[in-house]
Structures are given as structure tokens and as C-alpha cells.
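Here is a short briefing to read alongside the coordinates. Take a look at the model before moving on to the notes.

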Amino acid sequence: MTADSSGAAETTHTAVVTGASSGIGLAIAHELLGGGWHVVGLSRSRGALPDAAAWIHCDLADLASVVGAVTAVREAWPAGVHAIVHAAGLQYSAGLADLRPEQGERMWAVHVRGAELVVSGLVDALLDGARVVLVGSRTMTGVPGKSQYAATKAALVAMARSWAAELAPRHITVNVVAPGPTRTAMLEDPNRASVPPVMPPLGRLVEPSEVAALTRFLLESSGAMVTGQTLVICGGASLH
């Protein structure tokens, strides 16, 4: 919830958050709800998303499901939305000799095509001065055993910069938040067991709440002059 510079009464802002049922997406939903935002979660299940948030079923790997969810958002919030956060994600890890195309295709569908469909589908519903945040990853620069995953996260950076330039005339900002090793259930996923997380130099994993706080910074008036950027939050992991 934000107020204008004249001190006028605050109005509730609406954010569409993909992957809001768990992990970083859920932490972002909690952070925004605590700040007075109205949250619309898009995910395959409601999961732990609080009752205070709205929820729309959306399987980002399924084209028809995403199109249907975007249509539902536009119909339910005809006045428009103030922010989109694309936090949905999954990870498969494998060395070069063991890459499986179907795993790369699924990550691309969720991370990249999902962002394209949601943001493109709602761009006309974004109010002037709105915010877009894509949740990327520090691994975007390349990590052994994670080439497919890294490629999809690197693509988000290019898309964000392109969209930031396109939307600047409407004062809409577009940024990437790129976490390093974060304490979520994804760390225990057997699909990434071949490349275990490395403890960052600061001595602990990043908390989902810390990623959420950085995201909220970009979504509110504090982030008004930040666009086309990738903000890395990794506990120093990128120093190696």
C-alpha cells in the first residue's frame, strides 16, 4: 500500500505473483500482503498461499492454462493491476553428457515462456507507473552442471532489459532479482542433487524473506528509478 506525494489516502495496489504457493513466490506474497497489497497468486495449487490472497489455477508449463489464467485476471480486475512478479521456477541439474531435452524445455516453458505469456498478456492491464519483477538466479552467468537452468535464467535478463526500454514511456519499470543459494524446498529436490548448493562466503543461505524484501523495494515508490537492472542477492556467492 502506498501513498502519493501529496499525502492523499493510501489505496490498495494489486500484484499478480506466479509461483505464489511455495518458496520465494510465497515469501513475496506474504511480504506484499503484510504491506497492504492485494495479491493474486498464479500457481498449480493454492499450497500455503494465505486466504487473504486471491488464487487462480495456472500451470505455467501448459500454454492453454496460462492463457486462461491471464484472461481470468483481466476479467476479475478490469481496472488493471499495479505489478507482476514472475517467481515460479523449477530446476533440473545435469552435466553436458547427461542433458535431457525435455527437462530443458520444461524449464524454458516455466521460466521464459511463462514470463512472456503473463507479462505480454497483461501489459495492457498494467497501470502506468506499474512494476514488473522477474525472479532470476545468480547462476545466470553459468555454473557447471546447470547449463539448461542457467540459460533460462540468463534469458530473463535480456527480456527484462528489452521490456524496460519498451515500457519506459509509461513509467513502468522492469527488473530481475537474482538470488543465490536460498533456503527453500528446491534445495532438497532430487532433480538438482547432482549439483548441491555451495555455502556463500557470508556463511549462510539466503532467506526467502530477504528476496521478498528486495522485491518489494522494487515494487514500491523506493524502486521508481530502477529499471532494466539485475539485482543479485547471494551472500557473496558471486565473489568466487
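**Cysteines, fold and surface**

C58 is buried, its relative accessible area being 2%. Please keep in mind that this is a predicted model. The protein has 240 residues and a radius of gyration of 17 Å, which agrees with the value near 18 Å for a compact globule.

**Cysteines**
- C234 is buried as well, because its relative accessible area of 7% is under the 20% cut-off.
- The count of disulfides across the whole structure is zero.
- For a disulfide to be counted, two cysteine sulfur atoms would have to lie within 2.5 Å.

**Secondary structure**
- The protein contains seven strands and five helices.
- Reading from the N terminus, the order of these elements is β-α-β-β-α-β-α-β-α-β-α-β.

**Overall shape and packing**
- Along the principal axes, the C-alpha atoms occupy a box of roughly 55 × 40 × 35 Å.
- Buried residues make up 51% of the 240 in the protein.
- Looking at contacts between residues at least 6 apart in sequence, you will find that 70% link residues at least 24 apart.

**Surface and charge**
- About 10800 Å² of the protein's surface is accessible, and carbon and sulfur atoms account for 57% of that area.
- On the charge side, there are 19 negative and 16 positive side chains.
- The centres of these two sets of charges are 5 Å apart.

Conventions:
Residues are numbered from 1 along each chain as its sequence is written. This is a predicted model: local features need pLDDT of at least 70, side-chain atom pairs count only at pLDDT 80 or more; totals for chains, interfaces and linings use all residues. Side-chain values use heavy atoms; hydrogens and water are left out. Buried means under 20% relative accessible area, exposed over 50%, partly exposed in between (1.4 Å probe, protein chains only). Helices (H or I, at least four residues) and strands (E, at least two) are DSSP runs, numbered from the N terminus. The radius of gyration is taken over C-alpha atoms; the globule rule is 2.2 Å times the number of residues to the power 0.38. Contact means heavy atoms within 4.5 Å. Accessible areas come from the Shrake-Rupley method with a 1.4 Å probe; for residues, only the protein chains shown count as cover. Lys and Arg count as positive and Asp and Glu as negative; His and the chain ends are not counted. The place of a charge is taken as NZ of Lys, CZ of Arg, CG of Asp or CD of Glu.
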